[in-house]
Amino acid sequence: TEELKEYFSQFGSVRMCQLPFDKDTGFHRRYCWIKFSTQQDVQNVFQKDSHILEGAKLTLKQQPHRRRSQRRNQSE
């Protein structure tokens, strides 16, 4: 998690970095969530063609921005 946070901090302020692990195997699930402080920080990440961390090429996907009220309504 720290390596991911450190890598992506070059593009802007990282507010949250979550790397889920499989409880059975103890290995990470090969995906993570990264939240940036601003939309500009997100755009900075996607301006770079490819991202490689510790020899592995990362595939990035952007989730649509949802407001807290939208998240609450979906869980009800």
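Me: A helix is a DSSP run of H or I with at least four residues, and helices are numbered from the N terminus. In which helix is Asp41 found?

Reply: Asp41 sits in helix α2. Keep in mind that this is a predicted model.

Me: How many helices and strands are there in the protein?

Reply: The protein has three helices and four strands. Read from the N terminus on, the order is α-β-β-α-β-β-α.

Me: How do I read burial? Is Asp41 buried or exposed?

Reply: Use the cut-offs: buried is under 20% relative accessible area, and exposed is over 50%. Asp41 is buried because its relative accessible area is 10%. Across the protein, 20% of the 76 residues count as buried.

Me: Which residues is Asp41 in contact with, leaving aside neighbours within four places in sequence?

Reply: There are contacts to Phe11, Gly12, Ser13 and Phe36, once neighbours of Asp41 within four places in sequence are set aside.

Me: How does sequence distance compare with distance in space? How far is Asp41 from Val14?

Reply: Look at both numbers. Asp41 and Val14 lie 27 residues apart in sequence, yet their C-alpha atoms are 8.5 Å apart in space. Try Ser9 too. Its C-alpha atom is 9.0 Å from that of Asp41, with the two positions 32 residues apart along the chain counted as their separation. Ser9 belongs to the loop between α1 and β1. With a relative accessible area of 39%, Ser9 is partly exposed.

Me: What share of contacts in the protein join residues at least 24 apart?

Reply: The share is 35%, taken among contacts between residues at least 6 apart in sequence.

Me: Now the core. Which residues make up the largest nonpolar core?

Reply: Think of buried nonpolar residues linked through their side chains. The largest such core here has eleven residues: Leu4, Tyr7, Phe8, Phe11, Val14, Cys17, Leu19, Phe36, Val42, Val45 and Leu53. Three elements give two or more residues each: α1 (2–8), β1 (14–18) and α2 (39–47).

Me: Which element gives the most to this core?

Reply: That is α1, with three residues.

Me: What is Val14 in contact with, leaving aside its neighbours within four places in sequence?

Reply: Val14 is in contact with Lys5, Phe8, Ser9, Ile34, Lys35 and Phe36, by that count. Two of these names, Phe8 and Phe36, are core members listed alongside Val14.

Me: How do I read a buried polar residue? Where is His51 found?

Reply: Check its burial, then its polar partners. His51 is in strand β3, residues 51–53. Its relative accessibility is 2%, so His51 counts as buried.

Me: Which side chain does His51 join in a polar contact?

Reply: The partner is the side chain of Tyr7, at 2.7 Å. A polar atom of the His51 side chain also lies 2.9 Å from the backbone oxygen of Val45. Tyr7 and Val45 both appear in the core list. Beyond four places in sequence, His51 is in contact with Tyr7, Phe8, Phe11, Val45, Ala56, Lys57, Leu58 and Leu60.

Me: Turn to the surface. Which residues form a nonpolar patch?

Reply: Met16, Tyr31 and Trp33 do, with about 270 Å² of accessible area together. Met16 belongs to strand β1. Its 30% relative accessibility makes Met16 partly exposed. Tyr31 lies in the loop between β1 and β2. Tyr31 is partly exposed as well, at 38%.

Me: What does Tyr31 touch, not counting residues up to four places away in sequence?

Reply: Tyr31 touches Leu19 and Pro20. The C-alpha atoms of Tyr31 and Gln18 are 9.0 Å apart, and these residues are 13 apart along the chain.

Me: What is the accessible surface of the protein?

Reply: The total is about 6,600 Å², and carbon and sulfur atoms hold 45% of that.

Me: Last, backbone angles. What is phi of Arg30?

Reply: Note the sign, and note whether the residue is glycine. Arg30 is not a glycine, but its phi is positive, near 70 degrees. Arg30 lies in the loop between β1 and β2 (33–36). Arg30 is exposed, at 77% relative accessible area.

Me: Where is Glu54 placed?

Reply: Glu54 is in the loop between β3 and β4 (56–58). Its phi is positive too, about 50 degrees, although Glu54 is not a glycine. Glu54 is exposed, with 68% relative accessible area.

Key
Residues numbered from 1 in each chain as written. Predicted model: local features only at pLDDT ≥ 70, side-chain atom pairs only at ≥ 80, totals over all residues. Heavy atoms only, no water. Core = buried A, V, L, I, M, F, W, Y, C linked by side-chain atoms within 4.5 Å. Buried < 20%, exposed > 50% of the residue type's maximum accessible area, 1.4 Å probe, protein only. Contact = heavy atoms within 4.5 Å. Patch = residues over 30% accessible without salt bridge, like charges linked within 9 Å, V, L, I, M, F, W, Y side chains within 5 Å. Areas by Shrake-Rupley, 256 points an atom, 1.4 Å probe, with all protein chains shown as cover. Salt bridge = Lys/Arg side-chain N within 4 Å of Asp/Glu carboxyl O. Polar contact = N/O pair within 3.5 Å; in protein donor to acceptor, adjacent residues only side chain to side chain.
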